[in-house]
Amino acid sequence: GMAKQGYTRALGEQLETVALHYLENHGLSLVCRNFQCKLGEIDLVMCEAQMLVFIEVRYRRSDRFGSAAETVDRRKQRKLVRTAQVYLKLQRFSQRKACRFDILGITGNGSTQDYRFDWIPNAFDNETA
């Protein structure tokens, strides 16, 4: 119901902020947060040097069943790539602008102190997806 929806949206935004700070601490800078279009959404668009980085944030309470990153299947990858292409067109970036797709898995039980990060730069590319 609505309450659950509100809770997960709030949690999602909180985790996105946690992810953002983590990546900023690793030298990336924010370009766009939560880009949405008909095809899908991208959690974070960031910049590392001349590289545009599209980041999918994944959260797990526990990594007992594999890493958060492993939950991004081929179908989801294709969706992210297509969404990124829309973003590039709208921004009038040429398709030739160097970009990559990262996955940032966050594992933790909700208390901010013990988040664990599983950051996979270049997790997949638009050729394979």
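The following paragraphs lead through a predicted model, moving from the overall fold to the sheet, then to single residues and finally to the largest pocket.

The secondary structure of the chain consists of two helices and five strands, and these elements follow one another along the sequence in the pattern α-β-β-β-α-β-β. The chain has 129 residues, of which 37% count as buried. Among the contacts in the chain with a separation of 6 or more, 53% are made by residues that lie 24 or more positions apart.

The five strands form an open sheet in the order E1-E2-E3-E4-E5, and the pairing within this sheet is mixed. Its edges are formed by E1 and by strand E5, residues 116-124, each of which pairs on one side only. If direction is ignored, neighbouring strands of the sheet are turned against each other by 30° on average. As a general point, the strands of a sheet pair through backbone hydrogen bonds, and they do so in either a parallel or an antiparallel sense.

It is useful to walk across the sheet from one edge to the other. A hairpin leads from E1 to E2 through two residues, and these two strands pair in the antiparallel sense over seven bridges, with Arg 33 standing opposite Leu 44 in E2. The next step, from E2 to E3, is again antiparallel and is made by five bridges; here Cys 47 has Leu 52 in E3 as its bridge partner. Between E3 and E4 the strands run parallel and are joined by nine bridges, and Leu 52 takes part in this pairing as well, with Cys 99 in E4 as its bridge partner. The walk ends with E4 and E5, which pair in the antiparallel sense over six bridges, and where Ile 106 stands opposite Phe 117 in E5.

How many residues of strand E4 are buried? Eight of the nine residues of this strand, which spans residues 99-107, are buried, so E4 is largely enclosed by the rest of the structure.

Several individual residues show how the strands are set in their surroundings. Val 31 is found in strand E1, and because its relative accessibility is 38%, which lies between the limits of 20% for buried and 50% for exposed, Val 31 counts as partly exposed. Leaving aside residues up to four places away in sequence, Val 31 touches Val 45, Met 46, Cys 47, Leu 52 and Tyr 87. Of these partners, Leu 52 lies 21 residues from Val 31 along the chain, and the C-alpha atoms of the two are separated by 8.6 Å. Two of the residues that Val 31 touches, Cys 47 and Leu 52, are also the bridge partners named above for the pairing of E2 with E3.

The backbone deserves a closer look at two asparagines. Most residues other than glycine have a negative phi. Asn 34, although it is not a glycine, has a positive phi of about 60°; this residue is found in strand E1, and because its relative accessibility is 29%, it counts as partly exposed. Asn 122, likewise not a glycine, has a positive phi of about 55° and is found in strand E5, where its relative accessible area of 49% makes it partly exposed. The strands that hold these asparagines, E1 and E5, are the edge strands of the sheet.

The last feature to consider is the largest pocket, in which about 450 Å³ of space lies. The lining of this pocket is made by 16 residues, and the closest to its centre are Gly 12, Glu 16, Glu 41, Asp 43 and Val 57. Which elements each supply at least two residues of the lining? They are helix H1, residues 2-25, together with strand E1, residues 29-37, strand E2, residues 40-48, and strand E3, residues 51-60. H1 gives the most to the lining, with seven residues. By residue class, the lining divides into four nonpolar, four polar and eight charged residues.

Taken together, the description joins an open, mixed sheet of five strands with a pocket to whose lining helix H1 and strands E1, E2 and E3 each contribute at least two residues.

Definitions and conventions
Residues numbered from 1 in each chain as written. Predicted model: local features only at pLDDT ≥ 70, side-chain atom pairs only at ≥ 80, totals over all residues. Heavy atoms only, no water. 1 Å grid on protein atoms, 1.4 Å probe; cavity = no way out; pocket = protein on both sides within 12 Å on 5 of 7 lines; lining within 4 Å. Points joined across faces, edges and corners; volume = space filled by probe spheres on them. Helix = DSSP H or I, 4+ residues; strand = E, 2+ residues; numbered from the N terminus. Nonpolar A, V, L, I, M, F, W, Y, C, P; charged D, E, K, R; others polar. Buried < 20%, exposed > 50% of the residue type's maximum accessible area, 1.4 Å probe, protein only. Contact = heavy atoms within 4.5 Å. Pairing = 2+ DSSP bridges. Axes fitted to C-alpha atoms, helices over the stretch in contact; angles between N-to-C directions.
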